[in-house]
Amino acid sequence: MSARTLPLLFLNLGGEMLYILDQRLRAQSIPGDKARKVMNDIITTMFNKKFMEELFKPQELYSKKALRTVYDRLAHASIMRLNQASMDKLYDLMTMAFKYQVLLCPRPKDILLVTFNHLDAIKDFIRDAPGILNQVDETFRQLTETYSCLSAGEFQLIRQTLLIFFQDMHIRVSIFLKDKVQNSNGRFVLPISGPVPWGTEVPGLIRMFNHNGDEVKRTEFTTGGNYVLPQREGSFDLYGDRVLKLGTNMYSVSRPVETHMSGSSKNLASHAKENIVPNPLAKEELNFLARLLGGLEIQKPGGSETGFRLNLFTTDEEEENAALTRPEELSYKVINIEATQEPGRRAELSRIMGELEVAEPRPGSAGKGEELLALMDGL
């Protein structure tokens, strides 16, 4: 398992979350100022400098339940609130979209281009907030510094780590079903035609060499697909044409988005095992979350600001029905982090919370800015 996978997983899932929230905010006709505040607050929290420093430290992935806790806190980093069923659906859509992107990456290194597509789109959400934009650009620089020197083999290990994380998730998504890229059992249909990975050749030719390395024979064969060479490699620069479209916003055109549990997923033993059997890594997961979320406490709306509930379903009745019918083994119960009384751990959390107490650049009047990273009391 690669210890460099977590930042890519977090940022790509976070990008998908922002795509979905933006689409639902528009679908529910939330006033523009409130919608912008929600997006800006979540992005500010997501790209907090100290939070990113913790994220980029080499570490193994933990369970879906642990990561779900991170996104639950992140989605509620503003005045918006989600019910359990809507949060479940949000996480389902995020994970299935990124799983599809990882499966379709022509080469393992292209996962970085998918990440850059997400960051490019996130920057479009915050054009009017240069302070937040700088946070995203700083994360881009961290990505470049961390991953530009990795070999093809290391990127392959990252891709395999991501696929292992997603391997038991087969949730049907209406967009994928309508586009016929997903079967009724929730498994994806991978294309056998199209551009080959950059730096490779179109299949159809076998070359044979002798012991001196000289080519001695060529044999052609018929392939089952229609392959073409890519016109150019995607740009890994801060600004540039990524060429690869994976990771761009598939909700930019208004389309209904639904998720459904496939029959195999409802009875998936591995999911049940993850939730029922005691996890030997539970303590490590809690320590991981404590490090990552230490001090991350979301303030309640104050002053004239009022909170609102976002529904990822068409109606409240659909949301209630989804909550009742969702299989227990697929529900991600949020993990509550409590500070341990162990002196070493308490000191570590205090250190992290102190680091998080920073004044992030705020656009406009400083009086309107809200501190999203309030310290946890009683530690």
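Among contacts between residues at least 6 apart in sequence, 80% join residues at least 24 apart. The model is a predicted one, and its chain holds 14 helices and 8 strands. Of the 379 residues, 49% count as buried. The exposed area of the chain comes to about 18400 Å², of which carbon and sulfur atoms supply 52%.

Helix α5, residues 84-104, is largely enclosed by the rest of the structure, because 18 of its 21 residues are buried. Its length was compared with the span expected at 1.5 Å a residue. The expected value for the 21 residues is 30 Å, and the end C-alpha atoms of α5 lie 31 Å apart, which agrees.

Two buried residues outside the helices illustrate contacts made across the sequence. Thr-5 is located in the segment that precedes α1 (6-27). With a relative accessible area of 0%, Thr-5 falls under the 20% limit and is therefore buried. Beyond its neighbours within four places in sequence, Thr-5 is in contact with Leu-61, Ile-158, Thr-161 and Leu-162.

Asn-311 occupies the loop between β8 (308-309) and α13 (316-325). Asn-311 is likewise classed as buried, at a relative accessible area of 5%. When neighbours within four places in sequence are set aside, the contacts of Asn-311 are Arg-24, Gln-28, Ser-86, Asp-316 and Glu-319. The C-alpha atom of Asn-311 is separated by 9.1 Å from that of Leu-25, a residue 286 places away along the chain.

The count of salt bridges in the model is 14. One of them joins Asp-137 to Lys-123, with 3.2 Å between the closest N and O atoms. This pair links distant parts of the chain, 14 residues apart: Asp-137 belongs to helix α7 (residues 130-147) and Lys-123 to helix α6 (residues 110-125). Both partners lie under the 20% limit for burial: Asp-137 has a relative accessibility of 8%, and Lys-123 has a relative accessible area of 8%.

A further salt bridge in α7 is formed by Arg-141 and Glu-138, the closest N and O atoms being 3.4 Å apart. The two residues are 3 positions apart in the helix, about one turn. An α-helix has 3.6 residues a turn, so residues three or four places apart point the same way. Arg-141 is partly exposed, at 43% relative accessibility, and Glu-138 is also partly exposed, at 35%. The bridge between Asp-137 and Lys-123 thus involves two buried residues, whereas that between Arg-141 and Glu-138 involves two partly exposed ones.

Glu-201 and Arg-207 form another salt bridge through their side chains, with an N to O distance of 3.6 Å. Glu-201 counts as exposed at 56% relative accessibility, while Arg-207 counts as partly exposed at 36%. Elsewhere, Arg-68, Asp-72 and Asp-88 are linked in a network of salt bridges.

Strands β4 (residues 205-209) and β5 (residues 215-220) run antiparallel and are joined by 5 bridges. Among the paired residues, Leu-205 has Glu-220 of β5 as its bridge partner. The two strands form a hairpin with 5 residues between them, and in this hairpin Gly-213 takes a positive phi near 85 degrees. Strand β5 is hardly covered: of its 6 residues, the number counted as buried is 0.

A nonpolar surface patch is formed by Ile-206, Met-208, Val-216 and Phe-221, which together have about 340 Å² of accessible area. Of these residues, Met-208 is found in β4. Met-208 has a relative accessible area of 32%, which places it in the partly exposed class.

Terms used
Residues are numbered from 1 along each chain as its sequence is written. This is a predicted model: local features need pLDDT of at least 70, side-chain atom pairs count only at pLDDT 80 or more; totals for chains, interfaces and linings use all residues. Side-chain values use heavy atoms; hydrogens and water are left out. A salt bridge is a side-chain nitrogen of Lys or Arg within 4 Å of a carboxyl oxygen of Asp or Glu. Helices (H or I, at least four residues) and strands (E, at least two) are DSSP runs, numbered from the N terminus. Buried means under 20% relative accessible area, exposed over 50%, partly exposed in between (1.4 Å probe, protein chains only). Contact means heavy atoms within 4.5 Å. Accessible areas come from the Shrake-Rupley method with a 1.4 Å probe; for residues, only the protein chains shown count as cover. Patches are made of residues with over 30% relative accessible area and no salt bridge: like charges are joined within 9 Å, nonpolar side chains (Val, Leu, Ile, Met, Phe, Trp, Tyr) within 5 Å. Two strands pair if DSSP finds at least two bridges between them. The expected span of a helix is 1.5 Å times one less than its number of residues.
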